[in-house]
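Student: I should like a close examination of one part of this protein and of how that part relates to its surroundings. Please treat the matter as one connected account.

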Amino acid sequence: MADRSPVRRIITSAARDSLKPLGLAQRGRSRVWIDDHGWWLGVVAFTPPWGAGSGLHVGAMWLWHDVDHLAFNTDAIRVGSEPFRTEGQFAPLALELGRQAAAHVTALRETFPALPNVARYLMSRPVRRGFFWFAPDRDAVTTWVARAVESCRTKLGLDHAPIAIS
């Protein structure tokens, strides 16, 4: 059955043009695209507003949180709602949202290429004692992260991926 929603069709087309070449995968038929790095995900959500149109939310999800739903553990960008009036008016707005999403996905990849980069980022945030990046035993942390990531990937229905966290 063809999708009759012009907003969904336009957003999907714009996302395919900007995100698919970067290797992101659409989550089912949703407005969510995933950039899978094994132990973390880049998450792009073309957020549905209250009315017709779309906004954009891009961020990183740390898979060691071991949950069964997508989450934004760090935000790269939030763009408010772009209204849909006509296909001609909305199509260029959707293309711009796609370009912004691609730029922020690239920035996330550059910011978080390895776990030590994430640890530095998290340690630069306000102090929240008790999290793993304060643990002195690197091997124990690595083992814990690997188990939690694999469990989270299973809960999210993601394929097994080798976890290179160093």
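Student: At 1.5 Å a residue, what distance should the 14 residues of helix H1 span, and how far apart are its end C-alpha atoms? Please continue from there to the partners of H1, including helix H2 and the strands.

Tutor: The model is predicted, and every value below is to be read in that light. At 1.5 Å a residue, the 14 residues of H1 should span 20 Å, and the end C-alpha atoms of H1 lie 19 Å apart, so the two values agree. The helix covers residues 6-19.

The setting comes next. The protein chain has 4 helices and 5 strands, and from the N terminus on these elements follow the order α-β-β-β-β-β-α-α-α. Of its 166 residues, 39% count as buried. Among contacts between residues at least 6 apart in sequence, 54% join residues at least 24 apart.

Within H1, the buried residues are Val7, Ile10, Ile11, Thr12, Ala14, Ala15, Ser18 and Leu19. These buried residues pack against strands S1, S2, S3 and S4 and against helix H2. The account may therefore be divided into the helix partner and the strand partners, as both kinds occur in that list.

The helix partner is H2, residues 87-111. The axes of H1 and H2 come within 8 Å and cross at roughly 35 degrees, and the crossing is right-handed. On the H1 side, the contact is made by Pro6, Val7, Arg9, Ile10, Ile11, Ala14, Asp17, Ser18 and Leu19. On the H2 side, the contributors are Glu87, Phe90, Ala91, Ala94, Leu95, Leu97, Gly98, Arg99, Ala101, Ala102 and Val105. Sorted by class, this contact has 14 nonpolar, 2 polar and 4 charged residues.

One residue of H2 deserves individual attention. Glutamate 87 is found in H2 and has a relative accessible area of 39%; because that value falls between the 20% and 50% cut-offs, it is partly exposed. Leaving aside its neighbours within four places in sequence, glutamate 87 is in contact with Pro6, Arg9 and Ile10. Glutamate 87 and valine 7 are 80 residues apart in sequence, yet their C-alpha atoms are 7.8 Å apart in space.

The length of H2 may be checked in the manner used for H1. At 1.5 Å a residue, the 25 residues of H2 should span 36 Å, and the end C-alpha atoms are 36 Å apart, so expectation and model agree. The buried residues of H2 are Phe90, Ala94, Leu97, Gly98, Ala101, Ala102, Val105 and Leu108. They pack against H1, S2, S3, S4 (53-62) and S5 (74-83).

The strands can now be taken in order. S1 (residues 25-26) runs antiparallel to S2, and 2 bridges join them. Glutamine 26 has tryptophan 33 of S2 as its bridge partner. The hairpin of S1 and S2 has 5 residues between the strands, and in it glycine 28 takes a positive phi near 60 degrees. S2 (residues 32-36) has 4 of its 5 residues buried, so this strand is largely enclosed by the rest of the structure.

S2 is also joined to S3 (residues 40-45), in the antiparallel sense, by 5 bridges. Here tryptophan 33 has valine 44 of S3 as its bridge partner. The hairpin of S2 and S3 has 3 residues between the strands, with glycine 38 at a positive phi near 85 degrees. S3 in turn pairs antiparallel with S4 over 6 bridges, and leucine 41 stands opposite methionine 61 in S4.

S4 is mostly covered, with 10 of its 10 residues buried. Gly53, Gly55, His57, Gly59 and Met61 point one way from S4, while Ser54, Leu56, Val58, Ala60 and Trp62 point the other way. S4 and S5 pair in the antiparallel sense over 7 bridges, and alanine 60 has threonine 74 of S5 as its bridge partner. The loop between S4 and S5 holds aspartate 66, whose phi is near 50 degrees, a positive value in a residue other than glycine. With 25% relative accessibility, aspartate 66 counts as partly exposed.

To return to the part requested: the buried residues of H1 pack against S1, S2, S3, S4 and H2, while S5 is named among the elements packed by the buried residues of H2.

Methods:
Residues are numbered from 1 along each chain as its sequence is written. This is a predicted model: local features need pLDDT of at least 70, side-chain atom pairs count only at pLDDT 80 or more; totals for chains, interfaces and linings use all residues. Side-chain values use heavy atoms; hydrogens and water are left out. Buried means under 20% relative accessible area, exposed over 50%, partly exposed in between (1.4 Å probe, protein chains only). Two strands pair if DSSP finds at least two bridges between them. Axes are lines fitted to C-alpha atoms, for helices over the stretch in contact, and angles run from 0 to 180 degrees between N-to-C directions. A crossing is left-handed if the near helix is turned anticlockwise from the far one by less than a right angle, and right-handed if clockwise. Contact means heavy atoms within 4.5 Å. Ala, Val, Leu, Ile, Met, Phe, Trp, Tyr, Cys and Pro count as nonpolar, Asp, Glu, Lys and Arg as charged, and the others, Gly among them, as polar. The expected span of a helix is 1.5 Å times one less than its number of residues.
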